[in-house]
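Trainee: I'd like a close look at one part of this model, with the reasoning spelled out. Please start wherever you like and then settle on the part that you find worth following step by step.

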Amino acid sequence: MIPAAARAVIAAHLTDELDVHPHRATVAVAALADRLAIDGWHMTDTYPARPVAPRARETRGARRALDRLLRRARTNGETTP
């Protein structure tokens, strides 16, 4: 399902770029949207969740625990690059 606003924007672009009559552009967009929906394509007006940076997911305690672990590993004979 394509939201009405998206259909209007696509029809406006068809009208401007291809010099198509606005009514025909609207009908063409509706037909294309219906075909895409039949094929399983869907456009929604809801935004997908934004990915969160890995650092933002970490808690303060997790960072401290990782620092302690790395310090122990370095003192056990590993050299830092």
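Mentor: Let's start with Leu69, which belongs to helix α4, residues 60-75; keep in mind that the model is a predicted one. Together with Leu66 and Leu70, Leu69 makes up a nonpolar patch on the surface, and the three share about 260 Å² of accessible area. For the setting, the whole protein exposes about 7400 Å², of which carbon and sulfur atoms supply 60%. Buried residues account for 9% of the 81 residues. The protein has 4 helices and 0 strands, so you can read its order from the N terminus simply as α-α-α-α.

The part I'd follow closely is helix α2. It covers residues 22-38, and a length check is a friendly place to begin: at 1.5 Å a residue, its 17 residues should span 24 Å, and the end C-alpha atoms are indeed 24 Å apart, so the two values agree. You can run that check on α1 as well: its 15 residues reach 21 Å from the first C-alpha to the last, close to the 21 Å expected at 1.5 Å a residue.

Now turn α2 around and ask what is hidden. Its buried residues are Ala25, Val29 and Ala33. Looking down the axis of α2, you find these buried residues within an arc of 70°, and therefore they line one face of the helix. The cover over them includes α1, residues 4-18. On the other side of α2 sit exposed residues: His23, Arg24, Arg35 and Ile38.

There is a second link between α2 and α1, this time through charged side chains. The structure holds 1 salt bridge, formed by the side chains of Asp34 and Arg7 at 3.8 Å, N to O. Because Asp34 lies in α2 and Arg7 in α1, the pair ties together parts that are 27 residues apart in sequence. Neither partner counts as buried: Asp34 is partly exposed with a relative accessible area of 44%, and Arg7 is partly exposed at 24%, where the cut-off for buried is under 20%.

Next, consider how the chain enters and leaves α2. Ahead of the helix, the loop between α1 and α2 holds Asp19. Asp19 comes just after α1, and its phi is near 55°, a positive value in a residue other than glycine. That is worth a second glance, because most residues other than glycine have a negative phi. Asp19 is also exposed, with a relative accessible area of 70%. At the far end, α2 is followed by Gly40, whose phi is positive too, near 100°.

Beyond that, Met43 lies in the loop between α2 and α3, the latter being residues 54-57. Met43 is partly exposed, with a relative accessible area of 41%. If you go back to Ala33, one of the buried residues of α2, you'll find Met43 10 residues away in sequence and 9.1 Å away in space, C-alpha to C-alpha.

To put the picture of α2 together: a buried face includes α1 in its cover, a salt bridge joins Asp34 to Arg7, and exposed residues occupy the other side.

Definitions and conventions: Residues are numbered from 1 along each chain as its sequence is written. This is a predicted model: local features need pLDDT of at least 70, side-chain atom pairs count only at pLDDT 80 or more; totals for chains, interfaces and linings use all residues. Side-chain values use heavy atoms; hydrogens and water are left out. Helices (H or I, at least four residues) and strands (E, at least two) are DSSP runs, numbered from the N terminus. The expected span of a helix is 1.5 Å times one less than its number of residues. Buried means under 20% relative accessible area, exposed over 50%, partly exposed in between (1.4 Å probe, protein chains only). The arc is that of the directions from the helix axis to the C-beta atoms. Contact means heavy atoms within 4.5 Å. A salt bridge is a side-chain nitrogen of Lys or Arg within 4 Å of a carboxyl oxygen of Asp or Glu. Patches are made of residues with over 30% relative accessible area and no salt bridge: like charges are joined within 9 Å, nonpolar side chains (Val, Leu, Ile, Met, Phe, Trp, Tyr) within 5 Å. Accessible areas come from the Shrake-Rupley method with a 1.4 Å probe; for residues, only the protein chains shown count as cover.
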